[in-house]
Amino acid sequence: MKISAPGLGRRLLSMLYESLILVAVLFIASFVFHLLFRDTSSVFFRPAFQLYLLVVAGIYFIWFWTHGGQTLPMQTWKLRVIRADGGPLNLKQALARYLFAVIGIFLFGCGILWGLFDRDGLFLHDRLAGTRIVKIEQ
């Protein structure tokens with residue numbers, strides 16, 4: 001198996017595909033939440049719902065990153081997330097990567113734009129978490 005650095009376009013297309021899968025996962029999670037908590041007029045409903053979706057998305061990403069390093073879109077685009085030293089992610093690194101990615105994306109995408117200027121082409125969340133995305137060629 002040969003490992004190389006993927007281009008920005010490949011990573012962005014994978015993120016686009018990832019967003020489609022994530023919408024489906026969050027749709028199902030939303031359905032379950034609304035079945036359990038029917039009082040949508042409660043003042044706590046919206047923040048609780050948003051936190052719930054953030055946790056569901058976190059579980060989705062962290063589980064896949066710590067169990068093989070690939071989500072379905074990453075498998076399709078032949079990408080894998082690994083530690084900076086080449087090993088698989090542990091739970092702490094996967095959690096840090098997810099939280100940094102959420103912050104970077106919610107700050108007008110600055111964490112993604114960082115990849116245009118980073119010397120190694122890493123997104124900000126990868127730089128901060130000590131991870132990187134690699135392209136897998138067999």
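This passage describes the packing of selected helices in a predicted model.

Helix 5 spans residues 110–117, and within this helix Gly111, Ile112 and Gly115 are buried. Viewed down the axis of helix 5, the buried residues fall within an arc of 110°, so they line one face of the helix. Leu116 and Phe117, on the other side of helix 5, are exposed. The cover over the buried residues of helix 5 includes helix 1 (8–36), helix 4 (91–106) and helix 6 (124–129).

Helix 6 also contains His125. This histidine, His125, is buried, with a relative accessible area of 6%, a value that falls under the 20% cut-off for burial. When residues up to four places away in sequence are not counted, His125 touches Arg97, Phe100, Ala101, Ile112 and Thr131. Of these contacts, Ile112 is among the buried residues of helix 5.

A further contact joins helix 4 to helix 2. Two packed helices are described by the angle between their axes and the distance between the axes. For helix 2 (residues 45–66) and helix 4, the axes come within 9 Å and cross at roughly 135°. Helix 2 is therefore oblique to helix 4. The crossing of the two helices is right-handed. On the side of helix 2, the contact is made by Leu54, Ala57, Gly58, Phe61, Ile62, Trp65 and Thr66; helix 4 contributes Leu91, Ala94, Leu95, Arg97, Tyr98 and Val102. By class, ten nonpolar, two polar and one charged residues form the contact of helix 2 with helix 4. Arg97, one of the helix 4 residues in this contact, is also touched by His125.

Methods: Residues numbered from 1 in each chain as written. Predicted model: local features only at pLDDT ≥ 70, side-chain atom pairs only at ≥ 80, totals over all residues. Heavy atoms only, no water. Buried < 20%, exposed > 50% of the residue type's maximum accessible area, 1.4 Å probe, protein only. Arc of directions from axis to C-beta. Contact = heavy atoms within 4.5 Å. Axes fitted to C-alpha atoms, helices over the stretch in contact; angles between N-to-C directions. Parallel < 35°, antiparallel > 145°, perpendicular 65-115°, else oblique. Left-handed = near helix turned anticlockwise from the far one by under 90°. Nonpolar A, V, L, I, M, F, W, Y, C, P; charged D, E, K, R; others polar.
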